[in-house]
Amino acid sequence: MQTSISIDCTPSVKYLLRIGDTCLIHAQRISEWSGHAPILEEDIALSNMALDLIGQTRAVLTLAGQLEGKGHDEDQLAYLRSEQDYFNLTMVELPRGDFAFTVVRNVMVATLLKLLWERLCDSEHAELAAIAGKAIKEARYHQQHAADWLIRLGDSTAEARQRAERALQDLWLYVPEFFEADHNAASGASNLGPDWSEVKVKWHAEMHTILQASTLSEPEDRTFRSTGKYGVHSEHMGYLLAEMQYLQRAYPGGQW
Amino acid sequence: MLANRFKIFTVFIMNNTPSKAAEHALTDWPLWEVFVRSRSGLDHKHCGSLHASDAKMAIQMGRDVYTRRQEGTSVWVVRSDQIVASDPGDKDMFFDPMEDKVYRHPTFYKLPDSVNHM
């Protein structure tokens, strides 16, 4: 079995890993629908979405590895870190849930990523700006697709509404983490891109519009705070990594 | 390897069998025919069909299913029950008379090279 790599986590590297890991882990959960989605076309759409996110992951992790300067490539970073060295949001590591849960999570994460990529198009780092220029198109589609589904679920049958409301209540707990200021990471990375708290107002505005169209009510804020972006994950992350990393660890450097 | 996840995807979609409830729901959704245009200036070609609950979903699904290998730049969807087709039984009457009317073809006009793809 392959041992974990250790990473040199400067603020710039952490800034990139937060984005790359969020895309990677989110893709992992979405891809659990492959072969199991309620409708064939949606199965393909979800798989496409997961692959788009993997593409974004690859670009960002490659860049992170270059900035880190220890010779780590995208695959080593994706598959060989220990749990506390992943900086994805807790929301994306939560289990797949039912279709409503996936739709609500997709809306929330796609809106966040879209707003981040929009800002990152203006990054002072030319390569990151180029990655963002490509990713923003994918993110816009992901948001539109997910939002349209949420509107269909919210403004429809009693069962669909109930499931959508339940998902909304459950997921809202993990939103404050998006915009919490992390004083350790933000300062050193300002030339890469904005602190995530800078997109909070826009995120809430867009979510509000979508929720209104779905006739769903915005949940109240609570005091719970998740901590995935600091490397402190929920109980689900361990199982996810065990499954995701198994092949690379069992067959180091395997190619097929 | 991250790159390999792109290859594995096609295997999974073959295993999807809907439950009874899902099957019932699927037959409630109308069928749509999908047309894709590969480049500006060319025509939309019929490439398949799908079930969707409404026009917007049909367009998105058409994009997801039929343009994922960069097949096109424009998607049309039409509800299948809106398509009116000629009756195969009328084939003789409709199409055979054209066989021996060569004077209707513009065969003696040479197209300039720049528009010769028609």
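Biologist: At which residue does helix 11 of chain A bend?

Modeller: This is a predicted model. In it, the axis of helix 11 of chain A turns by about 40°. The residue at which this bend lies is Met244(A).

Biologist: What end-to-end distance do the C-alpha atoms of helix 11 of chain A show, and what span should its 15 residues have?

Modeller: Helix 11 of chain A covers residues 236–250. At 1.5 Å a residue, its 15 residues should span 21 Å. The distance between the end C-alpha atoms agrees with this expectation, being 21 Å.

Biologist: Which residues of helix 11 of chain A are buried?

Modeller: A residue counts as buried under 20% relative accessible area. Met244(A), where the helix bends, is one of those buried in helix 11 of chain A. The buried residues are Met237(A), Leu240(A), Leu241(A), Met244(A), Gln245(A), Gln248(A) and Arg249(A).

Biologist: Which members of the largest nonpolar core touch the most other members, and which helix gives the most to this core?

Modeller: The largest nonpolar core holds 96 residues. Among them, Met108(A), Leu112(A), Trp117(A), Leu150(A) and Trp203(A) touch the most other members. With 14 residues, the element that gives the most to this core is helix 5 (residues 99–120) of chain A.

Biologist: Which residues does Leu112(A) touch, not counting residues up to four places away in sequence?

Modeller: Leu112(A) is among the core members that touch the most others. Leaving out residues up to four places away in sequence, its contacts are Leu89(A), Phe178(A), Phe179(A), Trp196(A), Val199(A) and Trp203(A).

Biologist: Which residues of chain B lose the most area to chain A?

Modeller: The contact between the chains involves 27 residues of chain B and 37 residues of chain A. About 2,900 Å² is buried between them, and carbon and sulfur atoms give 57% of that area. Together accounting for 27% of what the chain B side buries, the residues that lose the most are Met1(B), Leu2(B) and Arg5(B).

Biologist: Which residue of chain A meets the side chain of Lys56(B) in a salt bridge?

Modeller: Two salt bridges are found across the interface of chain B and chain A. For Lys56(B), the N to O distance is 3.1 Å. The partner is Asp148(A).

Biologist: Is Gln70(B) buried or exposed?

Modeller: Gln70(B) is found in the loop between helix 3 (55–66) and strand 3 (74–79) of chain B. Its phi is near 60°, a positive value in a residue other than glycine. Because its relative accessible area is 74%, Gln70(B) counts as exposed.

Notes
Residues are numbered from 1 along each chain as its sequence is written. Chains are lettered from A and ligands numbered from 1 in the order in which they are written. This is a predicted model: local features need pLDDT of at least 70, side-chain atom pairs count only at pLDDT 80 or more; totals for chains, interfaces and linings use all residues. Side-chain values use heavy atoms; hydrogens and water are left out. Helices (H or I, at least four residues) and strands (E, at least two) are DSSP runs, numbered from the N terminus. The expected span of a helix is 1.5 Å times one less than its number of residues. The bend at a residue is the angle between axes fitted to the seven residues ending there and the seven starting there. Buried means under 20% relative accessible area, exposed over 50%, partly exposed in between (1.4 Å probe, protein chains only). A nonpolar core is a set of buried Ala, Val, Leu, Ile, Met, Phe, Trp, Tyr and Cys residues joined through side-chain atoms within 4.5 Å. Contact means heavy atoms within 4.5 Å. Buried area is the accessible area (1.4 Å probe) that two parts lose on being put together, summed over both. A salt bridge is a side-chain nitrogen of Lys or Arg within 4 Å of a carboxyl oxygen of Asp or Glu.
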